[in-house]
Amino acid sequence: MIDTKGYAAQSAKSDVAPWNFRRREVKPKDVQIDILYCGICHSDLHQIRDEWGGSIYPMVPGHEIIGRVSKIGQQVQKFKIGQLVGVGCMVDSCRECENCKKGLEQYCTGGPSFTYNSYEQDRKTPTYGGYSKLVVVHEDFVLHVSEKLPIEAVAPLLCAGITTYSPLRHWKVGLDNKLAVVGLGGLGHMAVRFSVAFGAEVTMLSTSLSKEKDAKKLGAHKFVLTSDEARVKEVKGYFDFIIDTVSAPHDYNLYLSLLKSDGVQICVGVPPTAAEIDGFSLIAGRKSLAGSSIGGIPETQEMLDYCAVNNIISDVEVINIRDVNNAYERMLKGDVRYRFVIDMATL
Ligand code: NAP
Ligand code: ZN
Ligand code: ZN
């Protein structure tokens, strides 16, 4: 085993704090990665605080990992020592089910091994995430990262990026589509960047008037403050698609009313409590309420390559790992422009 250290939550009620732990030795198909940066996703907070239930402690969060290969197993073919690489939300899956065979490992029917708060495929060895010095991952779940972009701003692509890229591609959002993005946070700002790049007319629906300027700078064509009833009325029945990135309980029926007939509201945000949906919100206009989880490994690589070619990155605030608990409080208040990323050299 390899001795290492990180930051972990010991219970749903505790802050994350320094913790020494062990990683597995590098196996023939494994890549060992020295972690340089790790983004902070709202899912980290949901899971640390056990807001979704079933959290596993101690928990080392972090699934927006960028680092360099420091060691490889004898049978590794895709990576060399020194290469810049990424690890996102998954570190393994069964590889055999229908979804895995399609490159949709996130929907592995037996359940993928998530990067943290999860188990390896043996279903008993806990996984630990990226708020740590190093990680050991099977090469099939490691991504190539271009040297061209500022790497701290690439880290959030591993979750916030793929989680918004994947549904936009799946529903073929592009020219001729009117899309609304709900919630300007980590996921929301990437959804704006991608959908603008894909040619859609993009409206930001936000609770924060202070974000209007930023939304426009990101490329949004319109901004609607959701507490402004008159403005909201103007966009009733207006959108082909809504991508909903909200992390807290909110009224889905309100957003469904903004869709055209046959419109689709795509939920990527996962609030801690269930929402109430009125049947009439869906039947009037044959509307769909859909969801999407991260993205498979091939599509994650496609997204990273697309970002390298098109210069798409995340807006980040790089922090010292000592400030991580404070960063959570700021994220809860919407005080982040638009992703915190931990500089792992501070660990
Ligand atoms: P974030 O940076 O905190 O952004 C969430 C945004 O939601 C906020 O900036 C805010 O935007 C808006 N919001 C917050 N509370 C609200 C409320 N009560 N009503 C309406 N809007 C509200 O979070 P994130 O990292 O982007 O993650 C967002 C959600 O996606 C989380 O639930 C996370 O767990 C989930 N997630 C899902 C996947 C997946 O695979 N589907 C992957 C990653 C994350 P405004 O200030 O603009 O209103
Ligand atoms: Zn995430
Ligand atoms: Zn599978």
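Let's start at Lys172, which sits in the loop between helix 4 and strand 10 (178-182). Its phi is near 50°, a positive value in a residue other than glycine. Keep in mind that this is a predicted model, so every number here is computed from predicted atoms. Lys172 counts as exposed because its relative accessible area is 68%, and the cut-off for that word is over 50%.

Arg123 shows a similar backbone feature: its phi is positive too, about 65°, although Arg123 is not a glycine. You'll find Arg123 in the loop between strand 7 (113-114) and strand 8. With a relative accessibility of 41%, Arg123 is classed as partly exposed.

Now for the metals. The zinc ion (ligand 3) is held by four sulfur atoms, the SG atoms of Cys94, Cys97, Cys100 and Cys108, at 2.3 to 2.4 Å. Why call the arrangement tetrahedral? Because the 4 donor atoms around the zinc ion (ligand 3) subtend angles of 103 to 119°, and the label asks for all angles to lie between 85 and 135 degrees. Along the chain, the donors of this ion follow the spacing C-x2-C-x2-C-x7-C. Two of these donor residues, Cys100 and Cys108, are both buried.

The zinc ion (ligand 2) has another set of partners: Cys41 (SG), His63 (NE2) and Cys159 (SG), at 2.0 to 2.2 Å. Here the donor residues are spaced C-x21-H-x95-C in sequence. His63 and Cys159 link distant parts of the chain, 96 residues apart. His63 belongs to the loop between helix 1 (42-48) and strand 4 (65-72), while Cys159 belongs to the loop between helix 3 (151-154) and helix 4 (160-170). Are these two residues buried or exposed? Both His63 and Cys159 are buried.

The loop between helix 1 and strand 4 holds something else worth a look: Pro58 is found there. A cis peptide bond joins Tyr57 to Pro58, with omega at about -5°. Pro58 also turns up in the lining of the second largest cavity, along with Ile56, Met59, Val60, Asn117, Ser118, Pro126, Thr127 and Tyr128. That cavity encloses about 40 Å³ of space, and its lining has 6 nonpolar, 3 polar and no charged residues.

How many cavities of 30 Å³ or more does a search of the whole structure find? The search turns up 2. Rolling a probe the size of a water molecule over the atoms shows where empty space is left. The largest cavity holds about 70 Å³. Its walls come from Gly88, Cys89, Met90, Leu143, Leu158, Ile162, Ile294, Gly295, Ile297 and Thr300. By class, that makes 7 nonpolar, 3 polar and no charged residues.

Pockets are open spaces, and the second largest pocket has a volume of about 250 Å³. Of the 15 residues that line this pocket, Arg23, Arg24, Glu120, Thr125 and Pro126 are the closest to its centre. Strand 2 (16-23) and strand 8 (134-138) each supply at least two residues of the lining, and strand 8 gives the most, with 3 residues. Sorted by class, the lining of the second largest pocket has 7 nonpolar, 3 polar and 5 charged residues.

Next, take a look at Ser292, in the loop between strand 15 (288-291) and helix 10 (297-310). Ser292 counts as buried because its relative accessible area is 14%, and buried means under 20%. Leaving aside residues up to four places away in sequence, Ser292 touches Tyr107, Pro167, Ile266, Cys267 and Val268.

Finally, head to helix 11 (residues 324-332), whose buried residues are Val324, Asn325, Ala327, Tyr328, Arg330 and Met331. An α-helix has 3.6 residues a turn, so residues three or four places apart point the same way. The buried residues of helix 11 pack against strand 1 (2-9), strand 2, helix 1, strand 16 (316-320) and strand 17 (339-343). Just after helix 11, Gly334 takes a positive phi of about 75°. A little further along, Arg337 and Tyr338 are joined by a cis peptide bond with omega at about -10°, and Tyr338 lies in the loop between helix 11 and strand 17.

Technical notes: Residues numbered from 1 in each chain as written. Chains lettered and ligands numbered in written order. Predicted model: local features only at pLDDT ≥ 70, side-chain atom pairs only at ≥ 80, totals over all residues. Heavy atoms only, no water. Donors = N, O, S within 2.8 Å, 3.2 Å for Na, K, Ca; no water. Tetrahedral: all angles 85-135°; square planar, octahedral: opposite > 155°, others 65-115°. Buried < 20%, exposed > 50% of the residue type's maximum accessible area, 1.4 Å probe, protein only. Helix = DSSP H or I, 4+ residues; strand = E, 2+ residues; numbered from the N terminus. 1 Å grid on protein atoms, 1.4 Å probe; cavity = no way out; pocket = protein on both sides within 12 Å on 5 of 7 lines; lining within 4 Å. Points joined across faces, edges and corners; volume = space filled by probe spheres on them. Nonpolar A, V, L, I, M, F, W, Y, C, P; charged D, E, K, R; others polar. Contact = heavy atoms within 4.5 Å.
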